[in-house]
Amino acid sequence: PVTVRNADVTVPTVTLESDDVMLGEIVVKGSSFIQKKDHLLVIPDKQQAKHAFTGYDLLYNLMIPGLTVDRKNKKVTALAGEATLYINGVKADMREVQSLRPRDIKKVEYYVWPTSGKFAGDAASVNYLVKNDSKGGYITMDGEQTIGYLHGNYNVGAKLSKGNTNYSFFGGYAMAKYNGSQIDKHENLYLSDFWIDRTTTNESSNYRNSQQYAQIKLNNSTQKRDLSASVSFVRNDTPDDDRNESLIYQNDENRNSNSFEEKDNESMQAAIKMNSVFYLNEHQQLKARLNGSYAQNAYQRIYDEDNRHSLTHTDEDFYAFDAQLAYLCEVNPGNTFYGRITHFHNITSMHYKGDHPSWQHLWNGETLFQVDYTHIFSKRMMLVLSPGASWLNYKLHGEETERRLNLRLNTAFRYAFPSKQWIMTVVAWGNNQPDISYLNTSTQTIDFYQVKRGNPYLDNTQMLTVLMMYQGSFHPLLNIEGKASFVRNWHNIYAFYQTEKNQLVHTYASADGYNTATIELAASSRIMDNFRTNLRLKYGYMYVPEHNNLHRHNYSGSLELNYFFRSFSVNIYAKTQERMLDQTSLAFIQTPASYGLSIRYSGKNWMAEAGTENPFTKHVRYKEHADYGVYKYNQIQTSRTYQQTGYVKVAYTFDFGRKTSRDKNDVDRSINSAIMKVN
C-alpha cells in the first residue's frame, strides 16, 4: 500500500511475485472438410495419409460423403454420376492416382457439377493438389495375390526428376486362372413352326487370362505451360474361356443333349498421348490434346452340340484418335467463358470367318462443340449456361452414310447458405451414340436355334436430366450429401428378339425409352480421430414407359467403417443386395449382398494388407430373368470368384536423391473393339 501526500514521494522498486500457470495439452480442433464457393476442399489428416500407400487409398480414407471409391475395381462414383479424376488440374484416368504418394498430396478438391472451366462438363470432379520436387526419383513395386482362386496383379514403376522435366516408366503383369462362371438356365423359344422348352445345367467351366502393359512418359512444366507425352503398349490374352453343359429339351423332342463352348480372345494395342496447357496470362489458358492408338484384336468361338459344329473367327484392325482444343477466359471474378471443340474418330476393319463369313468396315466420328458461361451473382448465388452441339457421322461399307446433328444444353443454378450448406438444381439435355460393336450387318451363331445380328440403323439416344443436389456440414465431424434426380431417355438402345423362319434372331433396337428416378443420401462422420464412418442409402425406380411390365423398385445401402491404431488400420464394409432393370438387356437382375474385412500395416516405405470378402458365405448367386415375347429365360449364375475369398497385398517404394512426388500411371489397359461377340 502506498499513501500519497501533498508532497513528492519516491517509491522504491516494486517487484511482483510470479504466478505462472502451466497449461496441459492444447488441442485445436477444426474440420478437414472446408466448403468453398464452388467445391469441397478436403485436407488429409495424419491418420488418413499414414494408412494409405497410394492416392487411391487416400481418396478412400477421406470418406467424402456421396463419393464411392471401389479400390478393387478402380471405380470412383459420386451421387451426380461417374467422377473424373485430376492431378493438379490435369485430367487423369482412374488408374493414374494409383501411383500417387499420399505424403505428397496436400489437398483434395471435390466438385459436384463443377462450374470451373477446367472441370466443366463433368458430373463430378476430384482434383489432387500435389507438391512437386525438382530433383530426385523413386522406384516402386506392388503385388496383390488372391487366396481361394488363382489371381495376381504385379506392378513396377520408376521416376526421375531433373529440373522442370520428369521421366517415368511403368510396367505390370496380371493373371487369373479359375473355374469359370456356373450358370443354370431355363429358356422358352417361340419359333415359327414350333416352340422349345430348354433347361441348361453347367457341368464344368474354365477361365484363364493374362495381361501385360508398359509405358514411358515425359512431362515438362514451367509457369507458362505444361507439356506431357507418353507411349504405351498393352497385351490382353484369354486363351481359355470354355464351358461344358447338359441340355434337357422338354417340348416335342423330349431329348437330352450335351454342349461345349470355347472362346478365345487376344488383343494388342499401342498408343500415344500428347497433352499441353499454355497459361497465356493470369486470366487465360489454352489447352490442346492429341491421342492415337492402333489395336489388333482376334476373337474365336467354337460351339458343339451333339454332332453339330459351329465356328466363328474374327480378326480386327482398330484405329482410334481424338483431339481437343480449348480456351479459358476469366473476364472478371464474376464472369468466365470456357469454349472447346473435341473430335473422336474410330476406323475398324473386321473379317468374320466360319458360319457367317463377312467383311465389315466401319468409320465413325463425332465432333462436340461446347461453350460454358459462368456468372457469379454474389458469394451465395451462381449460374452456369452450357450450350453446345454434337455432330455424328458414321459409314458402314455398303450402307449409306449416317449424319446426325444433336443440340445440347446444360444449365445449373447454385445457392449457398451462410451455414456451410448449398443446394443446386441442374437441367441437362444431351445425347449418346450406339456402341460401335452394334453397328454392323454381321451374324454370329449362338446355338443351333439362335443367332446374333448387328443393326447399323440405330438412332442416337436423347437424354433429359433434372437434378437437385444438397451438400452441408452440420458439425466438423458430420458431412452430408443428398440427391434427387429424374432421367428420361428417348431412343434407348436395347436388346430385341424376333423370329425368322425357325430361328430366333437377337439384335438391337432403339424405338422405346428408358427412365429412372433416384433419391440418394450419403453421410460421413469422424466419430473420433481413430474412427471414421461412411453411410449411403439409395432408392431407385426404373421403367420403360412403352411397356407396363418393365419396371422395378430398388432399395439399397452400404456402410464403411475405418479404425486406425498406431501403424495398423482396420476396414469393414457391407452392401445390401440390389434389384435392377438393366438399361440395355432389359433384364431383371438381382445382385447379392456382400461384405468384407481388411487389415493394413503402413510403414515408412512399406505397406502390407490382408483382407477377405464374403468370408461366411458359400453360395453367392446372381439372379436374372427376362421376357421378350418370343424368348424368355430365367437363370442363376455363381462363381468361385464371388464368395469366400481372401487376398494379400504388399508394396514398397525406394527413394533416391531428394524425395520426389509420385507420378501418375496413366496406362489405359482397356482395349477397344467393334467385334460383335456372343456373351
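These notebook entries record what I looked up in the structure, which is a predicted model.

**Entry 1: strands β34, β37 and β38**

I began with strand β37, which covers residues 622-627. I found that β37 runs antiparallel to strand β34, residues 588-591, and that three bridges join the two. To place this pairing, I looked up Ile-589 and noted Glu-624 in β37 as its bridge partner.

I then turned to the pairing of β37 with strand β38, residues 631-638. These strands also run antiparallel, and six bridges join them. Here I recorded Gln-637 in β38 as the bridge partner of Tyr-622.

How many residues lie between β37 and β38 in their hairpin? I counted three, and in this turn Gly-629 has a positive phi of about 85 degrees.

As a general note, side chains in a regular strand alternate between the two faces of the sheet.

**Entry 2: the loop after β38**

I followed the chain into the loop between β38 and β39, the latter covering residues 645-656, and found Gln-644 there. Gln-644 is not a glycine, yet its phi is positive, about 45 degrees. Its relative accessibility is 32%, so I entered Gln-644 as partly exposed.

**Entry 3: Asp-306**

I next looked up another residue other than glycine with a positive phi: Asp-306, with a value near 55 degrees. Asp-306 sits in the loop that links β16 (284-305) and β17 (308-332). Is Asp-306 buried, partly exposed or exposed? Its relative accessibility is 45%, and therefore it counts as partly exposed; the class ends at 50%, over which a residue is exposed.

**Entry 4: helix α2**

I examined helix α2, residues 55-62, and found it mostly covered, with eight of its eight residues buried. The buried residues include charged and aromatic names that I checked individually, among them Tyr-56, Asp-57 and Tyr-60. Gly-55, Leu-58, Leu-59, Asn-61 and Leu-62 are buried as well. Directly after α2 I noted Met-63, where phi is positive, near 50 degrees.

**Entry 5: a patch of positive charge**

Which residues gather in a patch of positive charge on the surface? I listed Lys-36, Lys-106, Lys-107 and Lys-131. Of these I followed up Lys-131, which lies in the loop between β8 (124-130) and β9 (135-147). I classed Lys-131 as partly exposed because its relative accessibility is 37%.

Note on methods:
Residues are numbered from 1 along each chain as its sequence is written. This is a predicted model: local features need pLDDT of at least 70, side-chain atom pairs count only at pLDDT 80 or more; totals for chains, interfaces and linings use all residues. Side-chain values use heavy atoms; hydrogens and water are left out. Two strands pair if DSSP finds at least two bridges between them. Helices (H or I, at least four residues) and strands (E, at least two) are DSSP runs, numbered from the N terminus. Patches are made of residues with over 30% relative accessible area and no salt bridge: like charges are joined within 9 Å, nonpolar side chains (Val, Leu, Ile, Met, Phe, Trp, Tyr) within 5 Å. Accessible areas come from the Shrake-Rupley method with a 1.4 Å probe; for residues, only the protein chains shown count as cover. A salt bridge is a side-chain nitrogen of Lys or Arg within 4 Å of a carboxyl oxygen of Asp or Glu. Lys and Arg count as positive and Asp and Glu as negative; His and the chain ends are not counted. The place of a charge is taken as NZ of Lys, CZ of Arg, CG of Asp or CD of Glu. Buried means under 20% relative accessible area, exposed over 50%, partly exposed in between (1.4 Å probe, protein chains only).
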